[in-house]
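Please open the model in a viewer and keep the selection tool at hand. The tour proceeds by selecting one residue after another.

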Amino acid sequence: MKHSTLMMLPLIAILFSCNRSGQNPFFSEYETPFQTPPFQLIHEKHYMPAFKAGIRQHKAEIQAIANNPEAPTFVNTFVALEKSGELLTRVENVFYNLNSANTSDRLQKIAKDVAPLRAAHYDDILMNEKLFQRIKTLYDIRENLGLTVEQNKLLEKQYKDFVRGGANLDEEKKERLRQINEELSMLSLQFSENILAENNRFEMMIEDEGDLSGLPEDVVKAAAETAAERGHEGKWVFTIHKPSLIPFLQYSDRRHLREKMFMAYINKGNHNDDLDNKAILTKMAALRVERANLLGYPTHADYILEENMAKTPEQVYDFLNRIWTPALKVARQEARDLQAMIDGEGGDFTLEPWDWWYYSEKLRKAKYDLDDEMLRPYFQMENVRKGVFDLATRLYGIQFEKRTDIPVYHEDVTVYEVKEADGSHIGILYTDYFPRASKRGGAWMNEYRSQSRIDGVEKTPVVCNIGNFSKPTAEKPSLLSLDETLTLFHEFGHALHGLLSNCTYPSLSGTNVARDFVELPSQIMENWALEPEMLKIYATHYKTGEPIPDDLIKKIRQSNLFNQGFATVEYMAASFLDMDWHTLTSPEEPDAIQFENESMERIGLIPQIAVRYRSPYFLHIFAGGYSSGYYSYIWAEVLDKDAFQAFRETGLFNRETAQSFRENIISRGGTEDPMVLYKRFRGREPRIQPLLKGRGLI
Ligand SMILES: [Zn+2]
C-alpha cells in the first residue's frame with residue numbers, strides 16, 4: 001500500500017501513449033465544442049480500460065496526498081482531493097448516464113464487472129488512515145485556518161464523509177464495511193436490471209377491436225404502431241411503460257383488461273422467478289442496517305437523515321403524519337365519489353385500484369368537462385420545451401441555442417447551448433424525452449460535467465434531461481399529458497440547478513445538496529406550468545398555433561384540486577414504506593410482501609389505492625439514492641410552494657425576485673446550510689400552509 005508520488009510516472013506514461021494512439025477517447029481531453037463527450041468515438045470496449053486506468057490514476061493521486069511530507073494544509077489536502085480522479089470521473093459520468101438512458105447487454109455486464117472495483121476503490125480512499133489523519137488534523141483546528149464559508153463547508157463535508165465511510169473503525173469492522181458496500185452495489189444493480197427487463201417483458205396484445213372500447217384514437221394508433229414494431233401487424237400491443245399504461249387505465253372500458261394491465265404493473269419484480277426482487281431488497285435493507293449499526297447509528301434512516309434538512313426519522317414521521325391524516329380523509333371522500341359514480345351507472349362492484357384512473361377521469365369529465373385528451377393538443381413536446389426555455393429567459397435572462405455540431409448518443413437527443421443575456425457561455429443541455437427499450441423508466445436530470453472553478457480554472461456544466469414521454473406517431477407529433485408536461489418543467493428545474501451553479505468545488509456545486517433540498521429548484525418550476533399567464537405563452541395548439549382558450553384554462557384551474565387526495569395518499573404511502581424499510585434496527589430480512597402489507601396496514605391505506613411503488617420495483621430507494629429520502633418531494637414542496645409565494649407577491653416573472661432566487665439558492669449548490677440559503681431568499685423560514693392549501697388539504 002505504500003506508494004510514493006514517483007509511482008505515478010509510469011501510469012502517466014501509459015495514459016499518454018494511449019492518448020497519442022487515439023484509441024481511447026477517455027484518455028485525453030475531449031476535442032469537441034465545450035469538451036462535451038465525443039459519443040461517436042466512444043465504444044463499449046473503451047469503458048473497462050478507462051475505468052481501470054482511472055482507478056489506478058486516482059489511487060496514485062490519493063497516495064500522493066496522503067503521503068505528502070509537508071504538513072497538511074487546506075490546499076494540499078482538501079483542494080487536492082477535489083482535483084483528483086479526473087479520468088475516473090470522466091468515464092463514470094458518460095458510462096452511468098448511458099447505462100440509464102441507452103443501455104445494452106454489454107453495458108450492463110460492464111456495470112456489474114466494475115461495481116466491485118469501484119466500491120473497493122472508494123472504500124480504500126475513505127478508509128485510508130494516513131489521509132484521514134491529515135483531514136482530522138485540519139478539522140480539529142478548522143476555526144484557525146481562516147477559511148471562507150465555502151471552504152469550511154468543504155472541509156466539514158469531507159471530514160464527515162470519511163467518518164461516515166468508516167475512517168474511525170477498527171480493521172475488522174472496516175473489512176466488514178467493505179464487504180457490505182460491495183454487496184450493496186451489486187444488489188442495487190441487479191434490482192434495477194430486473195425492473196428494466198420486467199418493463200420490457202410484459203405485453204398485452206389485443207386482437208379483437210371491441211376490446212379497444214373507450215380508448216382515444218391516438219392511444220389506439222400508438223398501440224397499433226407498437227404491435228407493428230413487434231411484428232404483429234393489424235393488432236394492438238399495450239405495455240407497462242407509462243405512456244402506454246396510464247391512458248389504458250384512464251380510458252379502457254374493459255374492466256378485466258384494466259385489471260390485467262394494473263396487476264402486471266404492480267407485480268413487477270414479484271413473480272418468484274429470475275427477475276424477482278424480493279430477496280434482493282430484503283438483503284439490501286438488512287445490509288444497510290448492519291452498516292448503520294457498524295457506524296454507530298441505530299438505523300439506516302438515522303445514518304442518512306443526519307445529512308438532510310430533516311435530521312432524524314422521528315422528524316420525518318412527524319412531518320408525514322401531519323399531512324397523511326388530512327390527505328387520507330380527502331382520499332376516502334374521493335373513493336366515495338367514485339363508488340357513487342359506479343353505483344349510479346348500475347355497476348355492481350366495489351371500486352378497485354385498477355378502476356381509480358378510469359372513474360376519476362370520468363368524474364373529472366363530468367364535473368369540469370375536462371379530460372387529459374382535450375389538453376394534449378396544447379402540449380406538444382417541442383412547445384413545452386420552448387415554454388420552459390422562455391420561462392428561464394424571462395426569469396434569468398438566459399438564452400438557449402440549438403446546436404447540431406455537438407455529438408449525441410441517440411437520434412432522439414437534442415443539444416442546446418445555454419448562454420447568459422450577454423451571450424457568454426453557461427453550459428450545455430441535452431434533452432432526450434422518448435421511451436425505448438434501452439432506457440430505464442421515469443424521468444431524471446443528470447450531469448456529464450459539474451460546474452467548478454478551482455484555481456480559476458472554469459469548468460462549465462454539461463447536463464441532461466431524460467424522460468419517457470408520449471412519442472410522436474406517424475400522424476401526430478409528441479403530445480404530452482398534463483402530468484408529462486409538469487414532469488418536463490420539473491426536470492428542467494434540476495437542469496437549471498446544475499447549469500446556473502456558481503461554485504468553486506465540484507463536491508459542493510450544482511445539485512450536490514441535501515436530498516430533501518434538491519427538489520426545491522425542480523418543483524418550483526411546476527408552479528409556473530399552470531399559471532394562466534404562462535399557459536398563454538407556451539400552450540399553443542399543435543395544428544393551429546392558437547393559444548389555449550380561456551375556458552380551458554379556467555377548467556384546468558378549477559380542477560386543480562381534483563384527485564389530490566389520491567395523489568397525496570399514493571405518494572405518501574410510498575414515503576412511509578421507504579421509512580419503514582429503513583428504520584429496521586437489526587438485519588432481519590423479513591418477508592417483503594408481508595412487511596409491506598403490515599406497513600400499509602399501520603398507516604391505514606385504503607384498499608382502493610395501491611402504494612405508488614411497491615417494494616420490488618421501488619427503484620428510488622433500492623437503486624436510485626433516495627433510501628430514507630422518498631419523503632423529500634413533499635418536504636421540498638413545503639419549500640417550493642412557500643418560495644413561489646414570493647413570485648406571487650412580486651410578479652410571476654419578477655426579475656429581482658428571480659435574481660434573488662438565483663443568487664441565494666440555485667447558484668449556491670451545497671456551499672451553505674440549506675435553511676440559511678432559504679432564509680436569505682425568503683427572509684424567514686418556510687411555512688407549511690401554502691402546501692396544504694395547494695393540495696386542498698385545509
Ligand atoms: Zn426531481
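The stops below are given in the order in which they should be selected.

This is a predicted model, in which local features need pLDDT of at least 70 and side-chain atom pairs count only at pLDDT 80 or more, while totals for chains, interfaces and linings use all residues. Residues are numbered from 1 along each chain as its sequence is written, and side-chain values use heavy atoms, with hydrogens and water left out.

**First stop**

Select Ser100, which belongs to helix 4, residues 86–101. Helices here are DSSP runs of H or I with at least four residues, numbered from the N terminus. Is Ser100 buried or exposed? Ser100 has a relative accessible area of 16% and is therefore buried; buried means under 20%, exposed over 50% and partly exposed in between, with a 1.4 Å probe and protein chains only.

Next, display Tyr96: its backbone oxygen is 3.3 Å from a polar atom of the Ser100 side chain. Then add Ser438, Lys439, Arg440 and Trp444, with which Ser100 is in contact when its neighbours within four places in sequence are set aside. Contact means heavy atoms within 4.5 Å.

**Second stop**

Move to Asn563, in the loop between helix 21 (550–558) and helix 22 (564–581). Asn563 is not a glycine, yet its phi is positive, at about 65 degrees. With a relative accessible area of 19%, Asn563 is buried.

**Third stop**

Finally, select Glu589 in the loop that lies between helix 22 and helix 23 (592–603). Glu589, a residue other than glycine, has a positive phi near 50 degrees. Glu589 counts as partly exposed because its relative accessibility is 38%.

How values were computed:
Helix = DSSP H or I, 4+ residues; strand = E, 2+ residues; numbered from the N terminus. Polar contact = N/O pair within 3.5 Å; in protein donor to acceptor, adjacent residues only side chain to side chain.
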